[in-house]
Amino acid sequence: MSIGPKQMLELGKLAKQFDFGKLAKLSQKVDLGELMEVASNLDAATLKTMMKMAKAGKVEKDLPEVNGDFYDIASTFTPEQREFQMTIRKFMEEEVKPLINENYQNDTFPRELFDKIRDLKLIDAVYTPEGERTADAAIMEGIATMEMSRIDVSTAVGFGVHAGLAMGAVYVGGSEEQKAHWMPKLRNLETIAAFGLTEPKVGSGTAGGLTTTCRREGNTWVLNGQKKWIGNSTFADVVIIWAREKTIDKTHEDNGKVRGFIVETKNIGYSVEKIMGKTAMRMVENGLITLTDCKVTEDHRLQNIESFKDVAVVLRLTRAGVAWQGAGCAMGAYEIALKYAQERQQFGRAIGNFQLIQDKLVTMLGNVTAMQTMCLRLSHMQDEGKMADEHASLAKVYCAKRCRESVALARDLHGGNGILMEYDVARFFNDAEAIYSYEGTNEMNTLVVGKAITGFSAFV
Ligand SMILES: Cc1cc2nc3c(=O)[nH]c(=O)nc-3n(C[C@H](O)[C@H](O)[C@H](O)COP(=O)(O)OP(=O)(O)OC[C@H]3O[C@@H](n4cnc5c(N)ncnc54)[C@H](O)[C@@H]3O)c2cc1C
């Protein structure tokens, strides 16, 4: 092909734009002749697209997959556990995720989620039809909690209050007849349950300080008092209520016993008011329950509960679950942050290119990985019957703290967008605050571990 005078002129203009110094350097790295030959064979459209991408500094590159399970803890799961994990992941991503932000902002829990959980038979992995715990119940609870919290902590809490705390109370405290009656209804979510321990004036000090009372009158118990923060209580069919017993003689003195009751919310004397104005876990409906001479028959009293020590057994059963919530919450926030770092452009490149951003991501990933591996070991110990209070408390303290740090970094990495609901990290950031305070505050769980390792009780 011969070049005419016009093309020669154009080539001349183009050559003036060349930086020959840079070209010389480049030629040491690539075969420029070969590159030009390849380029000359490209059609005009492809050439134009490549030029555009090069100008914008956006040469497409295969980026590593976003994966919050860096040490592949899923590879330690049995095929059944893996399938369970994937079922929940699909459910959370496809059915729950689209509902979260609207419900969160309206302080409502979408009740239909319980129907979906029933259809998926999630509780069957934890309790048998006879109401016994399955051999790997703690691992299954951990997987469910992590997967739910990875997308939304409120969903994990709504599920956990029913399947963990309330079912745990019936499992630990119920007689054989009570278990036979209630566990199947709870297992298939025909009956939705809540767990009422905390009171307006008594939180950390419930062990010795419950003010809600129960008094026996023949075959009936009369309950009086208030319970605060009770998740699911605005729509539950039953609430497990913990109360101190007053003697049946005329003195009505405290006899030191703590009793548990399965209170049906349709009972006269039971009322509940939804707690509004929360800044965390807004999709969970927490209630302030008032019991005014609320009558409950003896067959609704948990027959194997005599003291707060029995309540502590229930709390021990579920405390590992709160640690898993921290792991899942931080995992979700980390994955969102990593994706954002790969996409968000500043100074002409994705912010994931910056060293300070990578430092935040690595800190988050270290936290998430440490939490996952700690929780996994804890749940194995629980299933093996080797978990003591201090083991669960250490995981709760550690995971709540590391979760709080991780979600704050994820929020920060999003800049201004980090406070917008649509980017999801703000919700994780707020929810971590509740994880930090419930099921034993950071201080209470620290004191449990402190006592176990030093031999000295620092409780006051
Ligand atoms: C979103 C959410 C959901 C909840 N769901 C339920 C539920 O379903 N059922 C239920 O029964 N409860 C529920 N709770 C209540 C929760 O368990 C309590 O909030 C928790 O036990 C702490 O009690 P408190 O809020 O009264 O804090 P307080 O006990 O008043 O503690 C205030 C601060 O004092 C510290 N403190 C207290 N005593 C000591 C001490 N001896 N030494 C050092 N520090 C101390 C605490 O650690 C904390 O930092 C929920 C709470 C929240 C936020």
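**Reading the helices, strands and ligand shell**

Student: What makes the length of helix 13 (residues 389–413) agree with that of a helix?

Tutor: Helix 13 has 25 residues and reaches 36 Å from its first C-alpha to its last, and the expected span of a helix is 1.5 Å times one less than its number of residues, so the reach is close to the expected 36 Å. The model is a predicted one, in which local features need pLDDT of at least 70, side-chain atom pairs count only at pLDDT 80 or more, and totals for chains, interfaces and linings use all residues. Residues are numbered from 1 along each chain as its sequence is written, while helices (H or I, at least four residues) and strands (E, at least two) are DSSP runs numbered from the N terminus.

Student: Why is helix 13 called mostly covered?

Tutor: A residue is buried if 20 or more other C-beta atoms lie within 10 Å of its own, exposed if 12 or fewer, and partly exposed in between, with C-beta atoms placed from the backbone; 18 of the 25 residues of helix 13 are buried, so the helix is mostly covered. In the chain, buried residues make up 40% of the 460 residues. Just after helix 13, Gly415 takes a positive phi of about 55°.

Student: How do you know that the span of helix 15 agrees with expectation?

Tutor: Its 13 residues should span 18 Å at 1.5 Å a residue, and because the end C-alpha atoms of helix 15 are 18 Å apart, the two values agree. Just after helix 15, Gly455 takes a positive phi of about 85°.

Student: Why do strand 3 and strand 7 count as paired?

Tutor: Two strands pair if DSSP finds at least two bridges between them, and 9 bridges join strand 3 to strand 7 (residues 286–297), so these antiparallel strands qualify. Within this pairing, Gln226 stands opposite Thr290 in strand 7. Strand 6 (residues 270–274) also runs antiparallel to strand 7, joined to it by 5 bridges, and the bridge partner of Lys274 in strand 7 is Gly287.

Student: Which residues come nearest the ligand, and what makes a residue near?

Tutor: A residue is near a molecule or strand if its C-beta atom, placed from the backbone, lies within 6 Å of it; of the 22 residues around the ligand, Leu197, Gly203, Ser204, Thr441 and Glu443 come nearest. Strand 3 gives the most to this shell, with 3 residues.
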